[in-house]
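Hi everyone, thanks for coming. I'd like to walk you through one protein chain today, so have a look at the screen before I start talking.

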Amino acid sequence: MTFGITAFGAYVPRLRLSRQAIATAHRWMTGGAPRGKGYRAFCNWDEDSVTMAVEAARDALGTADRHKAVSSLTLASTTLPYADFSNAGLVAAALDLAPSIRVDDRTGSQRAATTALIDAFTREQDGAMIVAADRPRTQPASPLERVCGAGAASVVFGRDDVIARLLGAASVNATFADHFRPSDQPYDYAWEERWVRDEGLGTIVPRAVTAALASAGLTIGDIRYFVMPSTIRGAAASVARTLGFKGDIADPLDEDCGHAGTAHALLMLGAVLEVASAGDRILLAGFGQGADALVLEASGRTPAMAGARGVSAVLADRLATDDYLRMLSFHGEIRLDWGMRGEKNDKPALTEAYRASHQLAAFKAGRCPACGAVQFPQLAYCVTPGCGTPAQDFGQMSLADVPADLMTFTADWLSYHPAPPLHVGFVQFNNGARLMMEIADVPVGALEVGMPLRMVCRIKQTDTARGFRRYFWKATPVALPA
């Protein structure tokens with residue numbers, strides 16, 4: 001049986017900032033007319049590379065049966081929240097994956113995801129999952145501020161219903177510094193674009209591509225799609241000319257996303273897999289201190305056929321804004337005076353967080369075997385009057401994928417919240433569970449009673465004094481009003 005990619009998932013933050021708004025904000029210092037096309041995605045205050053990875057993986061996994069088949073999880077990113085704490089472990093816990101699976105973090109280069117792809121194809125391990133997620137932090141007014149975005153993508157490997165298989169691959173290592181970011185610095189330092197385009201991308205990528213094509217027994221003329229992410233406009237077309245490529249250059253997803261770092265190669269690949277026909281060959285290149293090149297063959301089965309929303313759907317799920325200062329606030333680039341209500345000390349109780357992790361990470365509710373009530377949080381005994389069944393007899397079920405509706409809601413402008421107003425409401429799940437929840441990614445005035453909701457994994461609180469993040473689940477509208 002053919003081994004290959006059997007599922008694909010994507011996630012791009014709903015929030016998109018107009019590049020025109022960014023240019024307008026900096027007009028006082030540049031002196032020129034504000035220019036900029038399209039939108040860049042940016043993380044809400046409660047999103048990071050871990051939460052985006054969870055959402056992309058959920059898109060790929062879909063049903064609970066696929067969760068059980070995952071045998072390992074690799075998380076690729078250069079913007080993970082923890083330098084010494086398993087970020088992949090946080091993702092696996094939110095996905096309710098088996099404790100026995102192997103998890104690892106891949107970082108240090110923007111080609112970490114393509115390198116992990118080659119490793120997974122080489123191992124031929126059924127159920128291997130790779131998730132790439134990134135949110136490049138960019139200095140205000142820098143060129144990268146407009147170019148970069150945020151997003152995540154995920155692939156699962158197996159032998160049934162393959163979406164794409166590997167025909168050949170190769171890697172080239174080179175300590176070529178197109179950009180770098182010291183461990184103790186917040187921003188990348190980028191070198192001159194012409195040098196990077198001509199001597200870096202234009203020389204190193206073709207070496208990897210030539211070796212990959214040789215391993216596949218193909219020529220560049222056999223390739224239909226060329227996928228190569230870059231922060232340099234026109235770089236993919238330039239490399240394509242060097243290679244003598246005559247096919248289709250993949251959409252860089254510049255209009256509604258922007259360059260999503262380590263995740264961008266997989267996001268672009270996902271967009272191609274949505275339109276590729278059976279037998280189409282795809283050349284995927286990843287660049288970063290060398291290059292990876294993979295030659296893939298599409299089966300004609302698309303991510304949507306496997307149940308995923310995919311790249312096109314997450315790009316269309318957009319909440320556009322011109323609030324440049326909002327992005328700066330969410331990214332920690334400006335320090336706003338939130339008043340005394342914002343003076344909170346959120347030191348977490350790590351012992352209690354561990355004891356309750358079976359409920360919190362994967363949003364596990366308990367079903368009483370005697371009266372059938374579904375309850376979250378799970379207390380020591382069933383809360384139904386007259387029942388009192390002990391919690392150790394409860395059945396366990398995750399609420400993360402249970403359809404739900406909004407019963408009541410309020411928009412609170414008085415309580416401190418990093419993205420006011422604070423939207424909270426009672427959420428009614430289809431299985432009978434009901435609880436008060438925070439509602440994320442909602443513009444003012446958009447909530448309606450009865451609105452369908454879905455659950456999303458987000459940052460609940462950040463201990464700003466110690467740097468610890470607590471993750472939990474929030475509700476968000478399935479679709480925003482037009």
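Okay, let's begin with what the record says. UniProt, in an unreviewed entry, annotates residues 414–457 as "domain: ChsH2 C-terminal OB-fold". What we're looking at is a predicted model, by the way. In this model, residues 414–457 are 0% helix and 43% strand, with 25 Å between the C-alpha atoms at the two ends.

There's a nice oddity in that stretch. Asp441 sits in the loop between strand S22 (434–438) and strand S23 (452–463), and its phi is near 60°, which is positive even though the residue isn't glycine. Most residues other than glycine have a negative phi, and most peptide bonds are trans. So is Asp441 buried or exposed? With the cut-off for buried at under 20%, Asp441 counts as buried because its relative accessibility is 8%.

Speaking of peptide bonds, the one from Pro420 to Pro421 is cis, with omega near 0°. You'll find Pro421 in the loop between strand S20 (410–412) and strand S21 (422–429).

Another cis bond joins Phe376 and Pro377, and Pro377 lies in the loop between S17 and S18. Those two strands belong to an open, antiparallel sheet of three, ordered S17-S16-S18. Strand S17 (374–375) and strand S18 (395–398) are at the edges with a single partner strand each, so each has one side without a neighbour in the sheet. Strand S16 (residues 364–367) is joined to S18 by four bridges, and Arg367 faces Gly395 in S18.

Now for the helices. Helix H3 covers residues 49–61, and its 13 residues reach 18 Å from first C-alpha to last, close to the 18 Å expected. How many residues of H3 are buried? It's 13 of the 13, so H3 is largely enclosed by the rest of the structure. At its N-terminal end, Asp48 acts as a cap, with a side-chain oxygen 2.9 Å from the backbone nitrogen of Val50. After H3 comes Gly62, with a positive phi near 60°.

Helix H8 (residues 193–216) is another one to look at, since there's a bend of about 30° at Leu201. Leu201 is one of the buried residues of H8, which also include Val196 and Ile204. What do the buried residues of H8 pack against? Their partners are strand S8 (164–173), helix H9 (235–243), strand S13 (281–287) and strand S14 (290–298). The N-terminal cap of H8 is Glu192, and just after the helix, Gly217 has a positive phi of about 70°.

That's my tour, thanks for listening!

How values were computed: Residues are numbered from 1 along each chain as its sequence is written. This is a predicted model: local features need pLDDT of at least 70, side-chain atom pairs count only at pLDDT 80 or more; totals for chains, interfaces and linings use all residues. Side-chain values use heavy atoms; hydrogens and water are left out. Two strands pair if DSSP finds at least two bridges between them. UniProt positions are given in the numbering used here, feature names are shortened, and annotations may be inferred rather than shown by experiment. The expected span of a helix is 1.5 Å times one less than its number of residues. Buried means under 20% relative accessible area, exposed over 50%, partly exposed in between (1.4 Å probe, protein chains only). A polar contact is a pair of N or O atoms within 3.5 Å; within protein, one must be able to donate a hydrogen and the other to accept it, and residues adjacent in sequence count only if both atoms are side-chain atoms. The bend at a residue is the angle between axes fitted to the seven residues ending there and the seven starting there. Contact means heavy atoms within 4.5 Å.
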